[in-house]
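Got your viewer open? Here is a short tour, one selection at a time.

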Amino acid sequence: MSSETWTIRRVLTWTTQHFEKRQVDAPRLTAEILLSHVLKTGRVRLYVDLDRPLSKEELSAFRALIERRLSGEPTQYLTGTREFYNRAFKVDARVLIPRPETELLVEAALRVLPKDAPARALDVCTGSGCIAISLAAERPQLSVTATDLSPDACALARENAETLKVADRVTVLQGDLFSPLPPDARFHVIVSNPPYIATHEIAELSAEVRREPKLALDGGPDGLVALKRVVTEARKWLEPGGLLALEMGETQGPAVLELLRAAGYEDARVEKDLERRERMAFGTQPAASGPQG
């Protein structure tokens, strides 16, 4: 950028073209989001003020974000926020960036959780806490436990729970999958978005995704290591008739379906996301058997 006057209009046009040349996803939208962040305003306001010049300080801050984005840093880490289920969650390099398809897991859990009665839910591999917190926010009598192996992720999930005013009903525990739970804990719903990318595929991911925590991505040699454990171990913690809801990779449906059936779940099934990809799997704890283990 030269030393000439840069209006919002000119900055957005230049940045969009620059992002296009560098093959940044959604170049115009990314430019608008980053500029809105620098100016501390909404994207609509940018269009109201298209002819407003940027100060040297604003231009410098925006230039720094452009350089970081071109280096492969995700937009959400640059702004520090990601909207999920109509709420703004703080995100940074400690956690996986919440994806829109994960909202479908929240919707599936909400369909079986009572609106006006107490219930208990567990979110395994909680990351930013987006699933656990969304469930608690939508169901005022729900108690939610969330676990994550990463102490840093747990700290951020607790911060998000405080910010979104559900910390009194969301308990975040640090540990490996179910290991931090008290032995008598039982849940009506268990939801999990575990790491499910095969180790050898991580190097092939985009530069942006590779900036996310490997702990939240790496599902082992076949991508199924964590999924197998969640499917098997969840039987011990589910109430009779309780639901297990999982996110998975789009090619993993047959394998996960077989895992659910082998573990003894009823109504084992996979479902597609809005792009018609098999991304979710479900199983129900048999009503007659009660909790296992």
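A quick term before we start: helices and strands here are DSSP runs, with at least four residues for a helix and at least two for a strand, and they are numbered from the N terminus. With that in hand, select residues 110–201: this stretch is 27% helix and 26% strand. Its end C-alpha atoms sit 33 Å apart. An unreviewed UniProt entry labels the span "domain: Methyltransferase small".

Keep in mind that you are looking at a predicted model. Try colouring by pLDDT: the chain averages 94, and 97% of the residues score at least 70. Now pick residues 289–293, where pLDDT stays under 50. For that piece the model has 12 contacts beyond four places in sequence.

Next, select residues 11–80. The unreviewed UniProt entry puts "domain: Release factor glutamine methyltransferase N-terminal" here. This span is 71% helix and 0% strand, and its end C-alpha atoms lie 22 Å apart.

Time to zoom in on Val144, which belongs to strand β4 (residues 142–148). Is Val144 buried or exposed? Its relative accessible area is 2%, so it counts as buried. Show what it touches beyond its neighbours within four places in sequence: Ala121, Ala132, Ala136, Arg169, Val170 and Thr171. You can also draw a distance from Val144 to Ile131, 13 residues away along the chain; their C-alpha atoms are 9.8 Å apart.

Now for some empty space. Rolling a probe the size of a water molecule over the atoms shows where such space is left. The largest pocket holds about 680 Å³. Of the 21 residues lining it, select Ile33, Thr75, Gln76, Arg82 and Ile97, the closest to its centre. Which elements each supply at least two residues of this lining? They are α2 (27–39), α5 (75–79), β1 (81–84) and α9 (207–210). Colour the lining by type and you get 8 nonpolar, 6 polar and 7 charged residues.

Last stop: two backbone oddities. Most residues other than glycine have a negative phi. Select Lys40, in the loop between α2 and α3 (43–48). Its phi is near 55°, a positive value, and it isn't a glycine. Lys40 is exposed, because its relative accessibility is 76% and the cut-off is over 50%.

Then jump to Arg276, in the loop between β8 (266–272) and β9 (278–284). Arg276 is not a glycine, yet its phi is positive too, at about 65°. With a relative accessible area of 60%, Arg276 is exposed.

Technical notes: Residues numbered from 1 in each chain as written. Predicted model: local features only at pLDDT ≥ 70, side-chain atom pairs only at ≥ 80, totals over all residues. Heavy atoms only, no water. 1 Å grid on protein atoms, 1.4 Å probe; cavity = no way out; pocket = protein on both sides within 12 Å on 5 of 7 lines; lining within 4 Å. Points joined across faces, edges and corners; volume = space filled by probe spheres on them. Nonpolar A, V, L, I, M, F, W, Y, C, P; charged D, E, K, R; others polar. UniProt positions renumbered as here; feature names shortened; annotations may be inferred. pLDDT = per-residue confidence, 0-100. Contact = heavy atoms within 4.5 Å. Buried < 20%, exposed > 50% of the residue type's maximum accessible area, 1.4 Å probe, protein only.
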